[in-house]
Amino acid sequence: MKLNTTSKKAISAMFVLLLMAGLYGAIIALCNQYLREHDMLTKSSKFILGVIMFAGFYFIYKWFSKRIDSIQKQND
């Protein structure tokens, strides 16, 4: 079974999404671990880390949505 270029681009965009989300999640987890080990994890720092995490994943998803839309428009 041979994939067309649209399918290849969509699969590569999905791969990049997973890679970006995984790396970003790992960075957030490392920050959380660092704060926890050095007794710096307070309610406010946990909230700020959560906001940064939410914003980062939001922008990653926004990029992915634009990329899929552009791939679809190229196909039409």
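**Close-up views of a predicted model**

**Figure 1. L30 on helix α1.** Residue L30 belongs to helix α1. In this predicted model, L30 has a relative accessible area of 60% and is therefore classed as exposed, the cut-off being over 50%. A55 lies 25 residues from L30 along the chain, and the C-alpha atoms of these two residues are separated by 17 Å.

**Figure 2. The loop residue D39.** D39 is located in the loop between α1 and α2. Its phi angle is near 50 degrees, which is a positive value in a residue other than glycine. The relative accessibility of D39 is 73%, so this residue counts as exposed.

**Figure 3. The largest nonpolar core.** Five residues make up this core: A13, L17, I60, F64 and I71. Helices α1 and α2 are the elements that give two or more residues to the core. The most comes from α2, which gives 3 residues. In soluble globular proteins, nonpolar side chains tend to be buried together.

**Figure 4. Surroundings of I60.** I60, a member of the largest nonpolar core, is part of helix α2. Its relative accessibility is 9%, and I60 therefore counts as buried, a class that requires a value under 20%. When residues up to four places away in sequence are not counted, I60 touches L17, M20, A21 and Y24. Of these contacts, L17 is also listed in the largest nonpolar core, while M20 is listed in the nonpolar surface patch. A29 and I60 are 31 residues apart in sequence, with a C-alpha to C-alpha separation of 17 Å.

**Figure 5. A nonpolar patch on the surface.** The patch is formed by F15, V16, L19, M20, L23 and W63, which together have about 540 Å² of accessible area. Helix α1, residues 5-37, supplies the largest share of the patch, with 5 residues. W63 is placed in helix α2, which covers residues 43-75. With a relative accessible area of 33%, W63 is partly exposed. That value qualifies W63 for the patch on accessibility, because patch residues need over 30% relative accessible area.

**Figure 6. The aromatic pair Y24 and F57.** The whole structure contains 2 aromatic pairs according to the search. In the pair of Y24 and F57, the ring centres are 5.5 Å apart and the planes stand at 80 degrees, so the arrangement is edge-to-face. Y24 is in helix α1 and F57 is in helix α2, so the pair ties together parts that are 33 residues apart in sequence. F57 has 33% relative accessibility and counts as partly exposed. Y24 also appears among the contacts of I60.

**Figure 7. The aromatic pair Y58 and F59.** The rings of Y58 and F59 have centres 5.5 Å apart and planes at 65 degrees; the pair is edge-to-face because the angle is over 60 degrees. Y58 has a relative accessible area of 42%, which makes this residue partly exposed. F59 counts as exposed, at 51% relative accessibility. The cut-off for the exposed class is over 50%, so F59 meets this cut-off and Y58, at 42%, does not.

Methods: Residues are numbered from 1 along each chain as its sequence is written. This is a predicted model: local features need pLDDT of at least 70, side-chain atom pairs count only at pLDDT 80 or more; totals for chains, interfaces and linings use all residues. Side-chain values use heavy atoms; hydrogens and water are left out. Patches are made of residues with over 30% relative accessible area and no salt bridge: like charges are joined within 9 Å, nonpolar side chains (Val, Leu, Ile, Met, Phe, Trp, Tyr) within 5 Å. Accessible areas come from the Shrake-Rupley method with a 1.4 Å probe; for residues, only the protein chains shown count as cover. A salt bridge is a side-chain nitrogen of Lys or Arg within 4 Å of a carboxyl oxygen of Asp or Glu. Helices (H or I, at least four residues) and strands (E, at least two) are DSSP runs, numbered from the N terminus. Buried means under 20% relative accessible area, exposed over 50%, partly exposed in between (1.4 Å probe, protein chains only). A nonpolar core is a set of buried Ala, Val, Leu, Ile, Met, Phe, Trp, Tyr and Cys residues joined through side-chain atoms within 4.5 Å. Contact means heavy atoms within 4.5 Å. Rings of Phe, Tyr and Trp (its six-membered ring) pair if their centres lie within 6.5 Å; planes under 30 degrees apart count as stacked, over 60 as edge-to-face and the rest as tilted.
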